[in-house]
Amino acid sequence: MAKITVVTSGKGGVGKTTSAAAIGAGLAMRGKKTVVIDFDVGLRNLDVIMGCERRVVFDFINVIQGEARLKQALITDRRLENLSILAASQTRDKDALTTEGVEKVLDELSEEFDHIICDSPAGIERGAHLAMYFADEAVVVTNPEVSSVRDSDRVIGLLSSKTRRAEKGEEPVKPHLLLTRYDEARVARGEMMKIEDVEEILSIPLLGIIPESPAVLKASNVGTPVVFDEKTPAAKAYTDAVARLLGEQLEMRVQPGERRGLFQRILGRTA
Amino acid sequence: MQSTSARSAATEPAVANKRLQVRGRFLTAVALPVGGAPGEGYLAALDELLKQSPGFFSDAPLILDLAEAEGLDAQAGFAALLDGLRTRGMVPFAVQNATEAQKAAAAAVGLTALAGGREAALPRKSASPEPEPIPQPEEPVSTTVLVTEPVRSGQRIYSERGDVVVVGSVASGAEIIAHGNVHVYGRLRGRALAGVHGDETARIFCQSLEAELIAIAGLYKTSEEIGDAFAQRPVQAWLEDDALRIVPFK
């Protein structure tokens with residue numbers, strides 16, 4: 001049975017799709033058979049971030065509506081054979097998503113894959129609701145910024161009440177906090193929220209801190225998940241996050257910038 | 001004529017200031033099915049049921065279920081049935097699953113026709129031989145709503161008859177609404193409304209007041225009016241002389 005993880009946030013533009021792609025690729029690099037599904041019907045971009053937008057023939061909605069088989073819609077990543085993508089439809093909208101349809105697709109994917117990553121759209125409407133509904137775990141992507149934190153808080157509340165696990169009284173969806181676009185220099189100047197403040201408000205375990213990085217923009221324009229650019233701090237942070245997602249205990253790294261000398265890196269390690 | 005109107009003007013009470021509060025109420029009603037053409041046989045079967053559980057129907061809000069009933073589309077039939085029921089201490093107030101003709105006949109004897117509603121467990125077991133008191137559940141339950149997890153943005157915690165106690169923080173964008181007091185063993189960042197049904201003695205307690213709004217019995221203060229003086233300090237708020245007082249604990 002696959003583990004279903006939703007990457008959600010509430011707020012838009014905080015790094016859900018980037019993180020979903022990076023986490024999906026990270027898991028595949030660790031040998032796990034992984035599929036990433038784009039739930040943002042009508043505004044799809046997972047395929048662009050992953051560099052397969054020129055190979056999309058059939059999409060998630062086609063499969064739900066029986067117009068195509070799952071095998072026809074799944075796109076295998078050219079760089080990692082363990083990684084597959086199920087793109088969203090661009091011409092339809094979220095009304096085409098149905099609970100039964102989504103459940104059927106997830107069940108079929110569970111037979112073949114170890115991990116299913118659901119890339120949620122922003123907001124708390126149908127697409128976001130269905131992306132989280134069948135989840136076992138959740139990665140709540142948050143920027144260290146007040147409106148993002150408040151929206152994430154709302155989503156965490158929904159994870160504990162509007163998911164199948166909550167409705168059936170099963171073990172609750174396990175939430176993880178992924179802090180993205182973190183800039184230590186701005187925190188020092190008092191322009192950005194501190195990690196401790198975000199953790200205090202949201203009270204869920206911290207999965208990772210992804211630094212603000214030009215590598216992210218480059219990666220999305222090139223269509224390569226950030227983790228492939230292995231030397232960058234963002235890639236390392238995502239790799240660490242994936243390790244923690246798989247249960248490993250790792251020290252949290254907080255990187256201020258792209259280039260740090262060995263000396264600074266030793267001194268700068270925080271628990 | 002003039003004196004009459006002057007008198008009536010003088011006796012005009014100052015009721016206008018008090019708003020009529022209409023409240024909803026949940027009750028469990030008993031649905032009594034009426035089978036076939038209700039005659040002596042039906043009433044005899046009822047007597048059997050009442051012998052086994054004498055107090056079952058007393059004071060219960062009773063609805064007649066006409067799904068299987070025949071006839072009863074004339075007022076006379078209904079009146080006879082009601083007589084039979086009333087002599088046995090059963091007073092129906094409505095019918096359900098009635099045809100149009102039955103509805104009209106029911107209305108003529110003062111019974112309304114109900115649409116919605118759903119199945120619910122009966123408050124008392126019908127097999128009990130002891131005469132049971134009013135079937136409405138009167139178990140002594142605590143009226144306090146206790147929450148032991150942080151209250152997330154967008155969530156609303158409501159205590160209809162008592163206090164709300166939150167062991168944890170209340171996030172910005174959450175609402176705590178209580179008939180009585182509000183206690184937050186954590187940071188209060190959202191809204192807290194105490195004494196919502198008019199209790200002016202209700203209080204709000206918290207370990208750090210960073211609320212967007214607090215209100216007691218309708219009188220409120222927003223975050224702007226509260227200011228920053230009380231953040232990070234345990235405080236209580238109450239009404240005094242029609243004003244909200246916020247005082248930190250020593």
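The following is an exchange about how certain labels are earned in this predicted model of chains A and B.

Me: Why is Q96(B) called buried?
Reply: The relative accessible area of Q96(B) is 18%. Buried means under 20%, so Q96(B) with its 18% falls in that class. Q96(B) is found in strand β3 (residues 92-96) of chain B.

Me: What does Q96(B) touch, not counting residues up to four places away in sequence?
Reply: Q96(B) touches A31(B), I63(B), L64(B), D65(B), L66(B), A67(B) and L114(B). Each of these counts because contact means heavy atoms within 4.5 Å.

Me: Why does D59(A) count as buried?
Reply: D59(A) has 10% relative accessibility. The cut-off is under 20%, therefore D59(A) at 10% is buried. Its place is in the loop between α2 (46-49) and α3 (60-64) of chain A.

Me: What surrounds D59(A), leaving out residues up to four places away in sequence?
Reply: D59(A) touches A73(A), L86(A), A87(A), A88(A) and S89(A). As for L70(A), it lies eleven residues from D59(A) in sequence, and the two C-alpha atoms are 8.7 Å apart in space.

Me: What makes the approach of the D59(A) side chain to the backbone nitrogen of I61(A) a polar contact?
Reply: The side chain of D59(A) reaches that nitrogen of I61(A) at 2.9 Å. A polar contact needs N or O atoms within 3.5 Å, so the distance of 2.9 Å meets the limit.

Me: Why is the pairing of E200(A) with R187(B) called a salt bridge?
Reply: The closest N and O atoms of E200(A) and R187(B) are 3.6 Å apart. The rule asks for a Lys or Arg side-chain nitrogen within 4 Å of a carboxyl oxygen of Asp or Glu, so 3.6 Å qualifies. The count between chain A and chain B is four salt bridges. Polar contacts across this interface come to five residue pairs, both residues being at pLDDT 80 or more.

Me: Which elements of chain A each supply at least two residues of the side that touches chain B?
Reply: They are α7 (146-159) and α10 (195-202) of chain A. The largest share, five residues, comes from α7(A).

Me: How much area is buried between chain A and chain B, and which three residues supply the most of what chain A buries?
Reply: About 810 Å² is buried between the two chains, with carbon and sulfur atoms giving 38% of that area. R150(A), D153(A) and E200(A) supply 52% of the area that chain A buries against chain B, more than any other three residues. In terms of contacts, eleven residues of chain A meet 13 residues of chain B.

Me: How do you know where confidence is lowest in chain B?
Reply: Among its elements, helix α1 (residues 2-10) of chain B has the lowest mean pLDDT, 44, while strand β7 (residues 164-166) of chain B has the highest, 97. Residues 1-16 of chain B have a pLDDT below 50, and beyond near neighbours in sequence this stretch has zero contacts in the model. For chain B the mean is 81, and 81% of its residues reach 70 or more.

Me: What are the corresponding values for chain A?
Reply: The mean pLDDT of chain A is 91, and 94% of its residues reach 70 or more. Helix α13 (residues 262-267) of chain A has the lowest mean of its elements, 58. Over residues 256-261 of chain A the pLDDT stays under 50, yet the model has eleven contacts for them beyond four places in sequence. For the complex, the predictor gives an ipTM of 0.78 and a pTM of 0.68.

Note on methods. Residues are numbered from 1 along each chain as its sequence is written. Chains are lettered from A and ligands numbered from 1 in the order in which they are written. Side-chain values use heavy atoms; hydrogens and water are left out. pLDDT is the predictor's confidence in each residue, from 0 to 100. Helices (H or I, at least four residues) and strands (E, at least two) are DSSP runs, numbered from the N terminus. Buried area is the accessible area (1.4 Å probe) that two parts lose on being put together, summed over both. A polar contact is a pair of N or O atoms within 3.5 Å; within protein, one must be able to donate a hydrogen and the other to accept it, and residues adjacent in sequence count only if both atoms are side-chain atoms. Buried means under 20% relative accessible area, exposed over 50%, partly exposed in between (1.4 Å probe, protein chains only).
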